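Q: I am new to this structure and would like a close look at one part of it, taken slowly and in connected steps.

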Amino acid sequence: MGQKDLSLLRRDLRNHRLSRREAIVRLMALGMSAGGISSVLAAATAQPARAAAAGGRGSSGVLKLLYWQAPTILNPHLAQGTKDFHAARICCEPLLTVNAAGVFTPVLAAEVPSRANGQVAADGKSVIYKLRSGVKWADGRPFTADDVVFTFQFIANKQTAATTYGTYVNVAKVEPVNPVTVKITFKAPTPAWYLPFVGEQGQVLPRHALDAYVGSNARNAPFNLKSFGTGPYVVESFRPGDLVVYSVNPNYRDPNKPAFSQVQMKGGGDATSAARAVFETTEYDYSWNLQVEWPVLQHMIAEGKGQLLTGAGGGVEQIYCNFTDPSKEVDGQRSSVKAPHPFLTDLKVRQALALAADRATIAKELYGLEGDATANILTTPTSLASKNTKMAFDIARANQLLDEAGWQKGPDGIRQKGGVKMQVSYQTSVNSLRQKEQEIVKAGWAQIGVGTTLKSVDAGVFFSSSPGNNDTYAHFYTDVEMFTSTFGSPFPASYMGRFYSGDPAKTIAQKENDWSGLDITRWVDKDFNAWYDQAQVELDPKKNADLWIKMNDRVVDQAVSIPLIDRKSVDSHVNSLDVGQNLSPFDSATRNIADWRRKA
Amino acid sequence: MTRYIGRRLLSSIPTLVLISMVVFGILALAPGDPLGQFAANPDIPPEVRMNIRHQLGLDQSVPIRYVKWATSFLHGDWGYSFASRVPVDRLILQRLPTDLWVVGSSYLVAVCLAIPIGVLSAVKQYSLFDQLATTFAFIGFSLPTFFTGVLFIIVFSVRLRWLPFIYNVQVTDPVVMVKQALMPVGVLALFNSAALVRFVRSSMLDNVGQDYVRTARAKGLAHRKVIIRHVLRNGLIPVVTLLALGLPAVFVGAVITEQIFRVPGIGSLLIASIQNSDTPVVMAITFVYAILVVLFNIVADVAYGLLDPRIRYG
């Protein structure tokens, strides 16, 4: 059954053109399972009429959001972290927003560009956006194509030091066609026309507020502390690192929205007490990113005062295998590309390690609703998740693989071959959840005769990019290491870049490039590289998707990295709040805050 | 006297320079960088990271960065926060009122509790009251604020629902303002007063046995008067020193307590800045703290002389 049939059916259902019973019959005729049917029906009917808040604009009082990391700057292109994007997104808007499935919805654009409507150039060199007309900035000035042009100029100036710069590297120029049409031209033809001006990294800035602050002067812009945009709210006051107070944008395009008269975004503290503020004391209406261990969180949810909100695309927790020898020093560095790993270069060994990692137990005991066990490296957008891979926890098969590879158990139960003992050093960041994961994995590996030495490094060190510190994830001076890679955009080029070695001097992490290369496993695979290069230019969406799936399958089959958990973004809100479908891995949780309302 | 103060001030300059060098050195050696939050996000390519480091001046060598920081600090320019790109002095000034209110009142409460309790338990040594006060002091002294803080939250917010546990500066209602300050003030006051009680008690006991007390009693003064006019006045001299040395904390906040109750004081700014490797902010706060400590040391010494005429400054 095509996605199109389904969406048509959903629409008819919503418009009451189709009764539920009729819909069920049709869905069954289409060969859908009972579970599938109920989810279609739920999705279609759960969508409430979001036309207006019950009492109109500003009638629902104060909305209180709690972020355990405090926003420090409100200019989205100077954001220092996710929380800053979320804070900015309450007042600023991109041209399009996108959900976990990779489906676009227009925000400041009038429609989603496509090849069919001719707005995406057939040669992949440009895209044209028609803008929503009649939109005003919060100060009453009209929003035009010129503001989009300016936003690009602001980001593209290196002196500005925009953190969103990476999303716009392929953009050659942005020019107005007319006041409500803008054309983006790319440096090289790309299938990813949807990177610039989409999602949280694509928020459009008002030229009249920032014109004098492009370049190194950007830090002096009053806008950074008192941003405003075309969104439902404007910043009323801001105390960096503590509290943002928003009031209603008087010029917001929908006269009935937003429902709240004031929004407060409070920052600081820790995730556990942030969860407590919603689930136990209901002091706050919404709480972000509850990285709390599942048993603790489960206990709080049981109080029944709030709802847990989970969304796909929180990143994949995985164990990367080192293809180079971390104990041998060559040219002043360990894990040198010149020193292959004594046993992890053997496919069967890596496969055995993957088979002996008990992800189902990790998912069930430690993550609960916060993540699912996964067989894939690439899980988001969900349309790119491979269906060809299988997840298995099979000690017998793992033992068999190691026997076949010639690794014999020694008197101490640890396998060895040619004087090399299979003793694995396994590092991750300090985090009680991760240390428990390590224990579970270690127990599995012990059953196949692999000895494991656990190591945990302070997160500040582990994730830092300092070339002088041997304990960073990029130095990778252990045999395997574990962390979560996150998805930043619906085009997974940077995410899959972790495994790309097409330009070894630059892409493989090593001393010569200050360990800035993304390929930390030092894995080199010609096919993968070829597919990766091809995916950068393949314009046919179907073929492009197939390439990413093929790359995922190669990484998984080769067990370069062992995917454990497909994590979810986990937020929560009190029972009285309705936030709609707010979560997206590519846009802020506050992206639809105009629609948030109190339940009657 | 003036000469003494002048000499003390001059001699504190090398101390402060040394402190600033050590703090800067430690910060430079510490791992982490301002983009730490984006660490596992491959969407921020290495070029962008390098460029931002360059724009923030982090690619220069440590001595050069130190000299730059020191010269601009002397000119009154405390630099910009990496995280909010706001002048550091503005960030700190914004948070000072909250600290004066929360930490200041906790200090006041601590003093108001500690002096009477300390005096009474010294006067009635080994009585039931003294035993109770001692127990209370040891409990307060040995329980860390991160424990009492969470305990208070669970009891007063989660179970009894009397008090909010998230401090909000936006509040204008005076009742709520007091309510939300109760727990942080309580936690800090408990901790501070515990130490003070012990100090006041022992200082009082030191004086009770002195000859001048016997003389005062011998000339027929009432017990109350002896204690308040003679013993207490003399007993408080070392306490005043202790109080003066503790005062800088009022201006720099209480790191842990502020973090637990989300009090937006300078202490929580310090912690957040350390986590974000926001060097200019950390430098400014630690250095201001160093200056205050040195200053209040001088104040304590001077106050000592004023209270006790026997002490002369040579």
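At what angle do the axes of helix H6 and helix H7 of chain B cross?

A: In this predicted model, the axes of helix H6 (residues 145-159) of chain B and helix H7 (residues 174-208) of chain B cross at roughly 140°, and they come within 10 Å. Because angles over 145 degrees would count as roughly antiparallel, a crossing at roughly 140° makes H6(B) oblique to H7(B). The crossing of H6(B) and H7(B) is, in addition, right-handed. On the side of H6(B), the contact is made by Thr145(B), Thr148(B), Gly149(B), Phe152(B) and Phe156(B), and these meet Met183(B), Gly186(B), Val187(B), Leu188(B), Leu190(B) and Phe191(B) of H7(B). Sorted by class, the residues in this contact of H6(B) with H7(B) are seven nonpolar and four polar, with no charged residue taking part.

To place this pair in its setting, it helps to turn to the chain around it. Chain B has 13 helices and zero strands, and its pattern along the sequence is accordingly written as α-α-α-α-α-α-α-α-α-α-α-α-α. The C-alpha atoms of chain B fill a box of roughly 85 × 60 × 35 Å along the principal axes, and of the 314 residues in chain B, 37% are buried. When contacts in chain B between residues at least 6 apart in sequence are considered, 72% of them join residues at least 24 apart.

Conventions: Residues are numbered from 1 along each chain as its sequence is written. Chains are lettered from A and ligands numbered from 1 in the order in which they are written. This is a predicted model: local features need pLDDT of at least 70, side-chain atom pairs count only at pLDDT 80 or more; totals for chains, interfaces and linings use all residues. Axes are lines fitted to C-alpha atoms, for helices over the stretch in contact, and angles run from 0 to 180 degrees between N-to-C directions. Helices (H or I, at least four residues) and strands (E, at least two) are DSSP runs, numbered from the N terminus. Angles under 35 degrees count as roughly parallel, over 145 as roughly antiparallel, 65 to 115 as roughly perpendicular and the rest as oblique. A crossing is left-handed if the near helix is turned anticlockwise from the far one by less than a right angle, and right-handed if clockwise. Two residues are in contact if their C-beta atoms, placed from the backbone, lie within 7 Å. Ala, Val, Leu, Ile, Met, Phe, Trp, Tyr, Cys and Pro count as nonpolar, Asp, Glu, Lys and Arg as charged, and the others, Gly among them, as polar. A residue is buried if 20 or more other C-beta atoms lie within 10 Å of its own, exposed if 12 or fewer, and partly exposed in between; C-beta atoms are placed from the backbone.
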